[in-house]
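These are my notebook entries on charged side chains. I set down what I looked up, entry by entry.

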Amino acid sequence: MKKLTRLFFVFIFIIACIALFASCGKVSKGLLYAKAGEGTCFVDGLGECKDTKIIIPEKNEKGETVTAIYMSMNSFMDCSHVTELILPETLRWFNYNYYTMTREMPNLKFNEYENGKYLGTKDNPYFALIKSEDTYSEDVTIHPDTKVIGYKAFDSKLKLKTAIIPEGIQYIGSGAFTSCSNLININIPSSVIAMSEGTFWGCTALESVTIPGTLKNVCSHMFVDCTALETVIIEEGIETIGYGAFSGCTALKNVILPKGVKTVSISAFDDCTSLTEIAFADGLETIGSNAFGRCSNLQKISIPSTVTYLGRNAFDECVKLKYNEYGNAKYLGNEENPYVALIQPLSTSVMRVTIAETTTAIKDAAFMNCSNIKEIEIPEGVVHIGQDVFYGCTNLTTLTMPSTLKRIYYWAFKDCSSLLYVTYNGTIEQWKAMPKEDRHAGWAEGTTFKIIRCSDGNLNIKEDYR
């Protein structure tokens with residue numbers, strides 16, 4: 001009898017172990033997902049899931065990799081039943097306000113380390129730093145196993161002076177160090193793959209920073225209003241300077257962008273009033289609208305011949321910037337080619353402009369309302385005719401465009417009401433294949449010309465679109 005009893009308890013123990021083992025591999029069902037990108041998704045709410053222990057899978061039911069948790073105001077309301085949240089190893093971003101989370105999930109348990117609140121994966125309890133609750137320390141210690149720093153994790157830590165981010169951190173969330181107004185020293189380790197927007201916005205004491213090439217992109221608004229920032233070292237590997245990345249960095253004096261940077265985005269260095277010089281390496285293609293607007297002390301800039309697009313007001317209010325002149329127009333360029341980018345004519349009243357043969361870019365709205373110009377020949381090598389470039393050139397009658405042209409942006413020739421003779425040096429097939437933007441209105445709205453003369457024949461405008 002005793003033997004049977006022992007066998008019975010052994011059997012029960014084995015069943016319990018099997019059940020426990022099975023539950024360890026179980027993931028929560030019924031969660032809401034939204035598509036994030038090609039083959040990826042993010043968690044957007046609990047949906048029909050009633051689990052107290054939420055285990056987020058690495059892939060959803062469609063096979064898309066779960067890379068983020070973006071919790072909107074309503075998607076996680078009244079989740080007082082949730083006590084545990086287990087993250088997937090594939091997680092990159094945790095974008096949810098800590099205080100909203102603790103209000104809607106009051107029973108959620110965090111893992112703690114050095115006054116930091118963490119959520120973990122199955123094997124790493126310190127995978128994501130959600131919030132630092134250390135209000136008074138001048139420095140912080142992040143757990144060495146952490147991979148993700150969450151949304152506004154250190155927001156407004158006014159005493160914080162030094163933040164040592166350990167090697168191994170891969171993703172730093174939106175606004176992670178926003179308004180840490182006494183932060184002087186910050187390191188970004190080479191293990192960091194991506195950072196979300198506004199990471200150091202308003203860190204007004206930050207003086208220098210090195211941006212590792214592993215990031216690829218300097219994120220939007222990364223250093224906005226870092227008014228003490230004087231030195232920025234951007235390592236090779238960076239490809240894009242994001243929207244408004246250094247806007248309002250009024251102490252920044254010079255910037256060297258390494259080889260590999262292809263895009264300087266809209267307002268990237270706007271209002272950097274101490275900036276005197278900037279150098280670009282070959283490979284740069286795009287300088288966005290207002291990229292260097294209000295850089296009132298900018299005197300020297302070297303633009304490589306690889307630049308093909310220059311946005312509106314790219315150098316607006318750069319009153320000390322020295323231009324090169326040719327054929328009644330102002331240019332920026334480099335020592336070998338001073339005429340890379342046509343900025344604007346000498347005045348809107350000029351009657352004729354000869355564009356330099358070595359020009360590769362014409363700034364958006366460059367000839368806007370130049371109502372006296374009658375003829376324009378755009379040289380081979382120019383790739384884009386940008387937004388509003390010839391808008392309102394009401395006396396323009398003759399236009400020649402190069403075969404190198406790859407795109408015409410919206411309103412490029414709007415209200416060129418006298419335009420009659422349009423020549424394109426490429427073929428009819430090339431013209432038809434070329435993108436011509438029609439946002440708001442067609443690229444040639446307000447014109448009446450009917451024929452485009454191509455290298456292999458004439459094209460009736462009715463066969464194309466304006």
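Entry 1. I worked from a predicted model. I began with Asp388, which is buried because its relative accessibility is 4%, and buried means under 20%. I then looked up its partner: the side chains of Asp388 and Arg312 meet in a salt bridge, at 2.1 Å from N to O. Arg312 counts as partly exposed, at 24% relative accessibility.

Entry 2. I next asked where the two residues of this pair lie along the chain. Arg312 is in the loop between strand S25 (309-310) and strand S26 (324-326). Asp388 is in the loop between strand S31 (384-385) and strand S32 (398-401). They are 76 residues apart, and the pair thus links distant parts of the chain.

Entry 3. How many salt bridges does the structure hold? I noted eight. Some of them share partners, and in this way Glu112, Lys117 and Glu133 are joined into one network.

Entry 4. I turned to Lys35, which forms a salt bridge with Glu64; the closest N and O atoms are 3.3 Å apart. This pair also links distant parts of the chain, with the two positions 29 residues apart in numbering. Lys35 belongs to strand S1 (residues 32-37), while Glu64 sits in the loop between strand S3 (53-55) and strand S4 (65-70). Is each partner buried or exposed? Lys35 is exposed, with a relative accessible area of 54%, whereas Glu64 counts as buried at 13%.

Entry 5. I looked up Glu138 and found a salt bridge with Lys161, the closest N and O atoms being 4.0 Å apart. Distant parts of the chain are linked here as well, the residues being 23 apart. Glu138 lies in the loop between strand S9 (128-132) and strand S10 (139-141). Lys161 lies in the loop between strand S11 (148-149) and strand S12 (162-164). Glu138 is partly exposed at 47% relative accessibility, and Lys161 is partly exposed at 33%.

Entry 6. Last, I looked for charges gathered on the surface. Which residues form a patch of negative charge there? I recorded Glu357, Glu375, Glu377 and Glu380. Of these I examined Glu377, which is placed in strand S30 (residues 375-377). Glu377 counts as exposed because its relative accessible area is 52%, and exposed means over 50%.

Methods. Residues are numbered from 1 along each chain as its sequence is written. This is a predicted model: local features need pLDDT of at least 70, side-chain atom pairs count only at pLDDT 80 or more; totals for chains, interfaces and linings use all residues. Side-chain values use heavy atoms; hydrogens and water are left out. Patches are made of residues with over 30% relative accessible area and no salt bridge: like charges are joined within 9 Å, nonpolar side chains (Val, Leu, Ile, Met, Phe, Trp, Tyr) within 5 Å. Accessible areas come from the Shrake-Rupley method with a 1.4 Å probe; for residues, only the protein chains shown count as cover. Lys and Arg count as positive and Asp and Glu as negative; His and the chain ends are not counted. The place of a charge is taken as NZ of Lys, CZ of Arg, CG of Asp or CD of Glu. Helices (H or I, at least four residues) and strands (E, at least two) are DSSP runs, numbered from the N terminus. Buried means under 20% relative accessible area, exposed over 50%, partly exposed in between (1.4 Å probe, protein chains only).
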